[in-house]
Amino acid sequence: MPHPSINADSIAPYSTSLGTSSATEIRLLGHDLANELMGKVSFGELAFWLVALRRPQPGELRLFEAVLVALADHGFTPTALAARLTYLSAPESIQGAMAAGLLGGGSRFLGVTEDTGRFLSTALASREGLPISETEWDDFALSLVRTERAAGRIVPGLGHPNHKGGDPRTPIIFDIAADEGITGPHLALFAALGRVSERGLGKKLPLNGAGVCGAALADLGFPPDILRGFALLARSAGLLGQISEEMRAPIANRIYMEVDRNAQYVSPPSGGT
């Protein structure tokens, strides 16, 4: 509430395309934030709503929030290292530590979600009509795998550095989508890629969790360009957890010293700088 001495009518509202803040009310997506959204809408639902400009159906929300959980944090990845080391250097600036971790979300890690969604969407758009049987899906997937292999490109979403026998997140996403009746062509094609990987590549590769999340988000209707944003949103929770743990039990300095002491510096190539 404004100070009693301030005339609320004289304060101009501040608006964006999504909401308005006035002296007495905050509106978001056409709703009173305090009285209609807070305590009634989950953060996942709000994130979906803000991007899609529509409220998700219950099944869509369950799948979407499963994706956010799957991508939150799994292992001491370079993004977590970047956040911890930056906090070590500038503990008075937690936003810098968060930003460092988020900026580390490149194609090797968080970008797989976007890369997979884009690959699947492009492939589906390249043909007229969808396959109508598992055999047709497999034939389509096999042609894609062979084309990518011949071009020397990897198929995003195939393989994982740790989960050689199968990523534990992948079947859960498939199961939730099937349970809610919202499995779409992106998930169907992704499943087919897993089935034909051995025939197309000469070795069987597991479908990784970041890839299946990209397929699920694409089936929920989100365009490829936005998928990395959702991966970063999810990873933000993991980064905040890593930074909090760094505050409780610091290890970043030891990591830094071990890495720096083990570095081997070499001269640049002849004629280089």
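Just after helix α2, leucine 53 takes a positive phi of about 60 degrees. This value, like every other one reported here, comes from a predicted model. Helix α2 itself, which covers residues 43-52, is a good place to begin a tour of the structure. Its buried residues are Gly44, Glu45, Leu46, Ala47, Phe48 and Trp49. These residues pack against a varied set of partners, namely the strands β3 (26-28) and β4 (31-32) and the helices α1 (33-37), α3 and α11 (224-248).

One of the buried residues of α2 also takes part in a salt bridge. The side chain of glutamate 45 meets that of arginine 55, with N and O 3.0 Å apart. Glutamate 45 sits in helix α2, whereas arginine 55 belongs to the loop between α2 and α3, and the two are 10 residues apart. The partners differ in their surroundings: glutamate 45 has a relative accessible area of 10% and is therefore buried, while arginine 55, at 40% relative accessibility, counts as partly exposed.

Beyond that loop comes helix α3, made of residues 58-70, which packs with helix α10, made of residues 209-219. The two axes lie 10 Å apart and form an angle of about 155 degrees. Because angles over 145 degrees count as roughly antiparallel, α3 is roughly antiparallel to α10. The crossing of the two helices is left-handed. On the α3 side, the contact is made by Leu63, Phe64, Val67 and Ala70, and on the α10 side by Cys213, Ala216 and Leu217. Sorted by class, the contact between α3 and α10 has seven nonpolar residues, with no polar and no charged ones.

Helix α3 has a further link, this time through a charged pair. Arginine 62 and aspartate 179 form a salt bridge between their side chains, at 2.7 Å from N to O. Arginine 62 lies in helix α3 and aspartate 179 in helix α8 (residues 169-179), so the bridge ties together parts of the chain that are 117 residues apart in sequence. Arginine 62 is partly exposed, because its relative accessibility is 38%. Aspartate 179, with a relative accessible area of 55%, is exposed.

Returning to helix α10, alanine 210 offers a closer look at a single residue. Alanine 210 is found in this helix, and at 12% relative accessibility it counts as buried. Its contacts, leaving aside neighbours within four places in sequence, are with Leu71, Val112, Thr113 and Arg169. Glutamine 242 is 32 residues from alanine 210 in sequence, and their C-alpha atoms are 20 Å apart in space.

Helix α9 (residues 185-201) holds another residue to visit, arginine 195. With a relative accessibility of 35%, arginine 195 counts as partly exposed. Not counting residues up to four places away in sequence, arginine 195 touches Glu134, Trp137 and Asp138. Measuring across the model from C-alpha to C-alpha, arginine 195 and leucine 18 are 43 Å apart in space, with their positions 177 residues apart in sequence.Salt bridges also appear elsewhere in the model. A search of the whole structure finds 15 of them. In helix α12 (residues 252-262), glutamate 258 and arginine 254 are four residues apart, which means that about one helical turn separates them. The closest N and O atoms of this salt-bridged pair are 3.6 Å apart. Both partners are partly exposed: glutamate 258 has a relative accessible area of 43%, and arginine 254 has a relative accessibility of 49%. Salt bridges can also join into a network, and one such network links Glu114, Arg118, Asp225 and Arg228.

A look at the whole chain completes the picture. The protein chain contains 12 helices and four strands. Its C-alpha trace spans about 75 × 55 × 40 Å along the principal axes. Of the 273 residues in the chain, 42% are buried. Among contacts between residues at least 6 apart in sequence, 70% join residues at least 24 apart.

Definitions and conventions. Residues numbered from 1 in each chain as written. Predicted model: local features only at pLDDT ≥ 70, side-chain atom pairs only at ≥ 80, totals over all residues. Heavy atoms only, no water. Axes fitted to C-alpha atoms, helices over the stretch in contact; angles between N-to-C directions. Parallel < 35°, antiparallel > 145°, perpendicular 65-115°, else oblique. Left-handed = near helix turned anticlockwise from the far one by under 90°. Contact = heavy atoms within 4.5 Å. Nonpolar A, V, L, I, M, F, W, Y, C, P; charged D, E, K, R; others polar. Salt bridge = Lys/Arg side-chain N within 4 Å of Asp/Glu carboxyl O. Buried < 20%, exposed > 50% of the residue type's maximum accessible area, 1.4 Å probe, protein only.
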